[in-house]
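The exercises below ask the reader to trace strand pairing and the setting of a single residue in a model. Please work through each task before reading its solution.

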Amino acid sequence: MIQLNEIASILAQPLQGHADRVIQYLIIDSRNIVVPAQSIFFAIKGPRRSGSSFISEVYQQGVRVFVVDEKVDTSKYPDAVFFIVANSVQALQKIAAYHRKKFNIPIIGITGSNGKTIVKEWLYQLLRPDYNIVRSPRSYNSQIGVPLSIWQINAQHELGIFEVGISAKGEMHALSQLVQPTMGVLTNIGDAHNEGFSNVIEKMDEKVQLFSYAKTVITASDYIPTSFRTNATIVRWGSNPLPGTNNQLPELQLIEQQKSSTETKLVLRYQQQRFQLQVPFTDEVSIQNVLTCVLVLLQMNYRISVIQERVMQLTAVEMRMQLRKAINQSYLLNDSYSNDKISLSLALQFLKEQANQQPIIAIISDIIESGEDGEHLYQDVANMLAISGVKTLHAVGPQISNYFSKHHVEKFPFSVQVYASTEDLLHHLHETMFQQSYILLKGARKYAFEQIAHWLEQQVHQTIMEINLTAMVHNLKAYQSLLLPSTKMMAMVKAFGYGSGAGEVARRLQQQQVDYLTVAYADEGVTLRKSGIHLPIMVMSADEYSFDAMVNYSLEPELFSFEILKAFHQYISKQGIQQYPIHIKLNTGMNRLGFDIHEITALCNWLSKQSLLRVKSVLSHLAASEDPNEDSFTQMQVDQFCNACKQIETALGYEFIKHIANTAAIRRNPTWQFDMVRLGIGLYGADNVHQANLPLQTVATLKTTIAQIRHLKKGDTVSYNRSGIITRDSIIATVRIGYADGYSRRMGNGVGKMFIKGALAPTVGKICMDMCMIDITHIPDVKPGDTVEIFGKNISIQEVAKAAETISYEIMTGISLRVKRVYIEE
C-alpha cells in the first residue's frame with residue numbers, strides 16, 4: 001500500500017487534499033478493477049486506443065485517482081485526483097521502483113530472447129520448498145509488466161524471481177532500477193526484436209544492463225558472443241570449451257545425454273564432481289532450460305542430491321505451441337504468437353518429433369522483426385525447413401515470396417508455393433493439399449493467420465445453422481429496455497453459445513458493451529479469449545483441472561462449495577497472485593450447486609480471514625421464475641438470497657455485485673434485478689415466458705439439403721426396422737440431417753416436420769444417424785439440393801421442442817459441432 005501524498009512526491013506533482021488516501025492497486029486495464037476506492041488508473045497509450053478514452057468508464061466504476069499523459073477535461077470528474085505526467089508508463093515504473101526500495105531480499109532477474117517464462121516457473125518449482133517467493137505473473141516481462149510484478153512484493157517474501165524483456169535500445173535501464181537483481185540469468189540472445197537494435201552486440205549490451213546490481217550471472221556458453229561484458233561473475237554451462245579461451249571448460253559441463261521415450265539421463269560435472277541427472281523431458285529446449293535452473297541452484301549452494309530429487313519432480317509449463325486436429329486426419333501446430341528464426345527452429349523441431357514419418361507442411365509469412373538482410377534471413381529459413389524434413393512450403397508475403405521465387409526450385413528439397421497475402425493463400429487452398437500431414441502455421445500477427453487456422457480446422461457439412469446476429473442484438477436491446485439504468489447485463493454464452501457459436505456471439509455482445517459473459521467450463525472461456533474477447537468472463541463449473549486455464553486467460557470462477565473454494569485459494573497462493581476475482585454461488589432452492597443457507601456463517605468467517613481472493617459477485621439460481629404459480633417459492637428464494645448477501649457483505653466489509661434473475665425473471669419482476677441480470681435463452685429468441693409484450697426475433701435457423709428423391713408404392717417401407725409404412729403412393733425425400741447432428745430420434749414417424757417450398761413435410765420412419773426421410777408428395781417441384789428448414793422463421797424452435805417433448809435449451813445446445821455455423825448481419 002502507498003498513500004496518495006507519497007505518489008504525489010514520487011511524481012513531483014501537486015496534491016490538494018486526499019493526502020492520506022491509501023492506494024493498493026495499480027490498474028492499467030478497466031476490466032481488472034476489484035477495489036475502485038484503493039486503485040489508481042494509469043491511462044496508457046496503446047497501439048489502437050488510448051487509456052484516456054477509458055477514464056469515464058473507470059470513473060463510473062468508482063476509481064478516483066488517475067495518472068494521464070494526455071489532455072483530459074478534469075471538470076467532468078469533480079471528486080477525482082489527476083496526476084498529469086509526461087509519460088504514464090514511466091510514472092508507473094517510478095512508483096514501482098519506490099516500492100522496490102522498501103525490500104532487501106535476494107532477487108533473480110531473468111532476461112534473454114526465449115525461455116524466460118519456463119526458467120522462471122521451473123526455478124519457482126525448485127525453490128519454493130525453501131522460500132516464500134514472489135515472481136512475475138505469467139509473462140509479465142514488459143515495460144508495463146515488470147512494474148506490476150514488482151508491486152507484488154511484500155514483507156513476507158524471502159525471494160523474488162522476475163523475468164524482463166526488451167524490444168528496443170534504452171528500455172533496460174529503467175527496468176534494471178526496478179528489479180535490481182542480486183543474481184542474473186541470461187537464457188539466450190536470439191533474433192526477436194532485432195529491428196530495435198543495430199546489431200546483436202548492441203542488443204546484448206542492452207540486456208546485460210539488467211545485471212548492474214547482480215553479483216553472479218548464469219548463462220549457457222553457447223548462447224553468448226565473445227564480446228559479452230559485465231561486472232558480475234559469469235557462470236556458464238555447456239558441452240564445449242568456452243569460446244575465446246585456452247580450452248577453459250564451463251563451470252557446469254554437460255558430458256553425455258541419453259534419451260528414452262519419457263526422460264533424458266544427463267551426465268554432468270561441477271567443481272570436479274561428476275554426477276547424473278534424470279530429467280522428465282526429452283526435447284532439447286527443455287534440457288537447456290533445466291541446465292540453466294540446475295546451475296542457479298548450484299550457485300545457491302544446493303546439494304546435488306537435492307537437485308537430483310527436485311528436477312525429477314518438474315512439471316511442464318504450458319507452452320504457446322498447441323497441436324490440434326485439422327482436416328483430413330492432419331494435425332495443426334498454430335505457432336503464430338512469435339515469428340523469428342529461433343521460435344521457428346523450435347517449432348520445426350517440435351513438429352518433427354511429433355510427425356515421425358508423416359509429411360510436414362509449413363505455412364510461413366514474412367519475418368518482419370529480424371532486422372536481417374532478406375537474402376541471409378530466408379536462406380537460414382530454407383536451411384531450417386530442409387533439416388526438419390519439410391515437404392511443402394507455402395510462403396506468404398512479399399519478402400519471403402521474393403526470395404523463394406528468384407531461386408530455382410531444384411535448390412530446395414521441398415516444394416514451394418508463394419502468395420502475396422493471406423487472402424491470396426486462402427483463395428488457392430484446397431483440402432486435397434492436406435492429407436494426413438503435420439502442418440506448421442507460423443506467421444507475423446499482421447498476416448492474420450488465424451483465418452488459415454480456421455480454414456484448416458473447418459468441418460464440411462451441408463447441414464448448417466444460420467445465426468442472425470442482427471436479430472440477436474435486437475433481442476438484447478429488448479431485454480435491456482426492461483432493466484433499471486443501474487442494472488448490469490451478464491450474457492450467457494455457455495454450451496457453445498447455446499449452440500450458436502460462442503466466439504462469434506461473444507464478439508457481437510462485446511461490441512454492444514454487455515458487462516459480463518458466462519460460460520460453463522474453462523475451455524469455453526479460453527476459446528473466447530483466443531477469439532479476442534476481453535470482457536470479464538465467469539466460469540460456472542470450476543474444477544481443479546481448470547485452474548491453470550482460468551488464471552492463464554483471466555477467467556473468473558464461480559465457487560459453490562468449501563471444497564472448491566479452498567482448492568482454488570490454495571492454487572492462487574501457490575501462483576503468487578493476490579486479490580483474484582471470484583463469484584460465490586448460493587443455493588436458495590434450486591438444489592443443484594451452491595453454498596446452502598446454513599453454511600453462510602461459516603462461509604463469512606472463512607472469507608473474512610483470507611486476502612488472496614476478492615469476491616466480485618454473489619449469485620443464486622431461480623428454479624421456477626417463469627411460472628406464476630411458483631411466485632411464492634421464487635420470492636422465498638429472493639428473500640433468502642438478499643439476507644445471505646447482507647451477511648456476507650457485512651463480514652467482508654465491501655460491496656459486490658448481486659445477481660439472481662435469469663431470462664424469465666427479467667421479464668416478470670423488476671424487483672428481482674438487483675445489480676445484474678443473466679440473459680440466456682432469450683438472447684437467442686426463445687423465451688419460455690408466455691407474454692406477448694416483448695417481440696423477439698428468430699436468431700437461429702437450422703437448414704439442410706435434399707440428398708435424393710424416390711417414388712415409393714403403397715406398402716413399401718422406409719428406414720430401420722421397416723418403421724415407416726407407406727399408406728399410399730408417395731414421393732419421399734432423404735435429407736442430410738440425423739441424430740448425430742442433433743435431430744432427435746424422437747422426431748421420427750411423423751412427429752417431426754420440416755419446411756420446404758412453403759409447406760410442411762412430415763418425417764417418415766426412424767431418424768438415422770446422418771439422414772432422415774420426409775414425405776414431399778404434396779409439395780410440387782422439389783428436387784435434390786433444395787433447402788429444407790428444420791427450425792427458424794417458419795418452424796419455431798419452441799414448436800420443435802414441444803414435438804420432441806423437451807425444451808428449447810436442449811434443442812439448441814444439442815446441435816452437433818459438425819454442423820457448420822454461418823453468421824449473417826442484416
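**Exercise 1.** In this predicted model, determine in which sense strands E14 and E15 pair, and over how many bridges.

*Solution.* Begin with the two strands themselves: E14 and strand E15, which spans residues 273-279, pair in the antiparallel sense over 7 bridges. Next, find a pair of facing residues, and Val 267 will be seen to stand opposite Gln 276 in E15. Finally, follow the chain from one strand to the other, where E14 and E15 form a hairpin with 2 residues between them, and where Gln 271 in the turn has a positive phi of about 50°.

**Exercise 2.** Establish how strand E13 is joined to E14, and decide why E14 can be described as largely enclosed.

*Solution.* Strand E13, residues 252-259, runs antiparallel to E14 and is joined to E14 by 7 bridges, with Gln 253 standing opposite Arg 269 in E14. The connection between E13 and E14 is a hairpin of 4 residues. As a last step, consider burial: 5 of the 7 residues of E14 (residues 264-270) are buried, and therefore the strand is largely enclosed by the rest of the structure.

**Exercise 3.** Locate Ser 744, and decide whether Ser 744 is buried or exposed.

*Solution.* Ser 744 lies in the loop between strand E35 (730-735) and strand E36 (753-756). Its relative accessible area is 19%, and because buried means under 20%, Ser 744 counts as buried. Within the loop, a polar atom of the Ser 744 side chain lies 3.0 Å from the backbone nitrogen of Arg 746.

Notes
Residues numbered from 1 in each chain as written. Predicted model: local features only at pLDDT ≥ 70, side-chain atom pairs only at ≥ 80, totals over all residues. Heavy atoms only, no water. Buried < 20%, exposed > 50% of the residue type's maximum accessible area, 1.4 Å probe, protein only. Polar contact = N/O pair within 3.5 Å; in protein donor to acceptor, adjacent residues only side chain to side chain. Pairing = 2+ DSSP bridges.
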